[in-house]
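Welcome to a short tour of one protein model. Have the sequence and the structure open side by side, and follow along as we go from helix to helix.

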Amino acid sequence: METITIGHSAVVTSRIGLGTWAIGGWMWGGTDEKESIQTIQRAVERGITLIDTAPVYGFGRSEEIVGRAIQEGKLRDKVQLATKLGLAWKDGKVFRDSRPTRIRQEIEDSLHRLRTDRIDLYQVHWPDLETPLEETARVLEDLCREGKILAIGVSNFTPTQMDAFRSAARLDALQSPYNLFERGIEAAELPYAEKTGLTVLGYGALCRGLLSGRIQADTKFEGDDLRRIDPKFQGERFPHYLRAVDELRELAQRRYGKSVLALAVRWVLDQGPTIALWGARHPGQIDSVNEVEGWKLDADCKTEIEAILARCVPNPVGPEFMAPPAKRPGMV
């Protein structure tokens, strides 16, 4: 498994990380704890050492399952745990809150759920526009000095917001949506990361399963599954994206004898100082991870990919629908 040092820290981790949003169940139609634990442990067996989670994933459920899986498997010294701060919830509704006093409580709650004494990468989940970013940054710098966190990251931040954060604390990583279908960070955030020495964690590397190759035109999404409100899975856009997946699948097989999933993840890894977050909640979804290792996309293949995307997806849409409200509700 390829490895990378996260930013300016001493944390070395695999370049493929396990994303555990779906393991939390919320917005993914529920979860099976036994299968989730097996998935985490299978990921480590396959060489994935970075486990990325967040308190809001299942309102604490994902962190709890990760903590149990790591403790039961005696895996703490084999993995790097990444979690987040700055999203709170009330009555099932999520809002941003990175006030310093709340961060102090959040870190203790996450350490407890994860059953650990340290977090390898602690990330601000979304910028809190009602709290000065410098205040948030200073608390994280203090937590780093105290040894409770080893590396500092932000998620869904712009370069201007990262500049403000970096004026008060070291910054090691940026987590943003990044995959073949969602490439907004290429305009500013990715170049910024390369210039300032940040590692980029691309979340949604498989674009909520689209690039796994398993989703068909008749695939049904039940309950609170967020794909029921994702514009990519609606109306005329859905067949456009499925056609692109079909052509990418043919390209991957023809050029490399690989799956479309392997092509999609390899593409993320070839874009710079990146980590691809691979979301899974069933053990079998991890088994093809080794297909991504030991090769790279050549220039001709990248040109073909661009042509496929331009031809098949005439009206692309980003992940903006996932952003939580910018303002906190009253009386919080």
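Let us start with a single residue. At 6% relative accessibility, Leu87 falls under the 20% cut-off and therefore counts as buried. Please keep in mind throughout that this is a predicted model. Leu87 sits in strand β6. Leaving aside neighbours within four places in sequence, Leu87 is in contact with Val56, Val94, Phe95, Arg96, Asp97, Arg102, Glu106, His125, Trp126 and Pro324. One of these partners, Glu106, is listed among the buried residues of helix α3. As for distance, the C-alpha atoms of Leu87 and Ala244 are separated by 34 Å, and the two residues are 157 residues apart along the chain.

**Helix α3 and its surroundings**

That contact leads us to α3, which covers residues 100-114. At 1.5 Å a residue, its 15 residues should span 21 Å, and the end C-alpha atoms are indeed 21 Å apart, which agrees. Which residues of α3 are buried? They are Ile103, Glu106, Ile107, Ser110, Leu111, Arg113 and Leu114. These residues cover an arc of only 165 degrees around the axis, so they lie on the same side of α3. An α-helix has 3.6 residues a turn, so residues three or four places apart point the same way. Turned away from the buried side of α3 is a face that carries the exposed residues Thr101 and His112.

What covers the buried residues of α3? The cover includes helices α2 and α4 (133-145), together with strands β5 (80-85), β6 (87-90), β8 (119-124) and β9 (149-155).

Among these elements, α2 (residues 61-72) deserves a closer look. Its axis and that of α3 are 7 Å apart, and the two helices pack at an angle of about 45 degrees. The pair is therefore oblique. On the α2 side, Glu63, Glu64, Val66 and Gly67 take part, and they meet Ser110, Arg113 and Leu114 of α3. By class, this contact has 2 nonpolar, 2 polar and 3 charged residues.

**Positive phi angles in loops and after helices**

Three residues with a positive phi are worth finding on the backbone. Lys74 is not a glycine, yet its phi is about 50 degrees. Lys74 has its place in the loop between α2 and β5, and with a relative accessible area of 73% it is exposed. Arg115, likewise a residue other than glycine, has a positive phi near 60 degrees. Arg115 comes just after α3, in the loop between α3 and β8, and with a relative accessible area of 43% it is partly exposed. The third is Gly257, which comes just after α7 and takes a positive phi of about 65 degrees.

**Helices α7, α8 and α9**

Gly257 brings us to α7 (237-256). The buried residues of α7 are Phe238, His240, Tyr241, Leu242, Ala244, Val245, Leu248, Leu251 and Ala252. Their cover includes α8 and α9. Helix α9 (residues 299-312) has its own buried residues, namely Cys301, Ile305, Ile308, Leu309 and Cys312. Seen down the axis of α9, they fall within an arc of 95 degrees, so they line one face of the helix. On the other side of α9, Ala299, Asp300, Thr303 and Ala310 are exposed. What covers the buried residues of α9 includes α7 and α8 (260-269). In this way, α7 appears in the cover of α9, and α9 in that of α7.

How do the spans of the three helices α3, α7 and α9 look beside what is expected at 1.5 Å a residue? The table sets them out.

| Helix | Length | Expected span | End C-alpha atoms apart |
|---|---|---|---|
| α3 | 15 residues | 21 Å | 21 Å |
| α7 | 20 residues | 28 Å | 28 Å |
| α9 | 14 residues | 20 Å | 20 Å |

**A last stop in α6**

Is Ala193, in helix α6 (residues 189-196), buried or exposed? At 1% relative accessibility, Ala193 counts as buried. Not counting residues up to four places away in sequence, Ala193 touches Leu198 and Val200. The C-alpha atoms of Ala193 and Leu261 are separated by 25 Å, with their positions 68 residues apart along the chain.

Note on methods: Residues numbered from 1 in each chain as written. Predicted model: local features only at pLDDT ≥ 70, side-chain atom pairs only at ≥ 80, totals over all residues. Heavy atoms only, no water. Axes fitted to C-alpha atoms, helices over the stretch in contact; angles between N-to-C directions. Helix = DSSP H or I, 4+ residues; strand = E, 2+ residues; numbered from the N terminus. Parallel < 35°, antiparallel > 145°, perpendicular 65-115°, else oblique. Contact = heavy atoms within 4.5 Å. Nonpolar A, V, L, I, M, F, W, Y, C, P; charged D, E, K, R; others polar. Expected span 1.5 Å × (residues − 1). Buried < 20%, exposed > 50% of the residue type's maximum accessible area, 1.4 Å probe, protein only. Arc of directions from axis to C-beta.
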